[in-house]
Amino acid sequence: MGEDDTRAYAEKRRQPRHAVRLEVNYRCGDNYLFSRSSNLSEMGIFLTTPTPLAKGTRLELSFAPPGGEEPIRLQGEVVWTLGAGPGVEPGMGVRFIDPPPDARARVKALIRTFAYLE
């Protein structure tokens with residue numbers, strides 16, 4: 001996805017993204033990977049990684065809110081990628097797939113916590 005495609009996708013988002021830095025574990029098939037988030041919305045997350053996965057890749061995500069709470073576990077799909085560039089952190093935009101109501105409520109609470117800290 002080029003820079004223009006990334007910008008167009010960002011403009012189509014229905015949910016605002018918030019700067020949230022979390023350690024995120026994710027699994028793709030038999031591969032277990034680790035990344036950090038740079039932003040989060042109720043319906044998706046951006047993971048920073050020098051090796052983004054291909055658009056359409058399905059993932060199992062797990063990230064823990066600060067304070068030692070039980071990790072939030074969600075299914076996701078890579079919807080766009082961003083390559084490295086001057087001042088650009090490479091990574092991938094992941095859309096949550098049918099988040100259960102309890103997980104979605106926990107993501108909302110996490111966003112509110114980070115918004116309060118800003």
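**Close-ups of strand β2 and its partners**

**View 1. The β2–β3 hairpin and its turn.** In this predicted model, β2 and β3 make a hairpin, with two residues sitting between the strands. Look for G29 in the turn: its phi is positive, at about 65°. β2 covers residues 23-28, and β3 takes in residues 31-40.

**View 2. β2 side by side with β3.** These two strands run antiparallel, and six bridges join them. To get your bearings, start at Y26 in β2 and cross over to L33, its bridge partner in β3.

**View 3. β2 alongside β5.** β2 also pairs with β5, which spans residues 58-63. This pair is antiparallel too, held in register here by four bridges. Which residue of β5 is the bridge partner of R27? That would be E60.

**View 4. The two faces of β2.** Which residues of β2 are on the covered face, and which on the uncovered one? V24, Y26 and C28 make up the covered face, while E23, N25 and R27 line the uncovered one. So two residues from the earlier views turn up again: Y26, the partner of L33, and R27, the partner of E60.

**View 5. Stepping back to the whole chain.** The chain has two helices and seven strands, and going from the N terminus the order is α-β-β-β-β-β-β-β-α. There are 118 residues, and 39% of them count as buried. Among contacts with a separation of 6 or more, 55% come from residues 24 or more positions apart. The chain exposes about 7100 Å², with carbon and sulfur atoms supplying 50% of that area.

Key
Residues are numbered from 1 along each chain as its sequence is written. This is a predicted model: local features need pLDDT of at least 70, side-chain atom pairs count only at pLDDT 80 or more; totals for chains, interfaces and linings use all residues. Side-chain values use heavy atoms; hydrogens and water are left out. Buried means under 20% relative accessible area, exposed over 50%, partly exposed in between (1.4 Å probe, protein chains only). Two strands pair if DSSP finds at least two bridges between them. Contact means heavy atoms within 4.5 Å. Accessible areas come from the Shrake-Rupley method with a 1.4 Å probe; for residues, only the protein chains shown count as cover.
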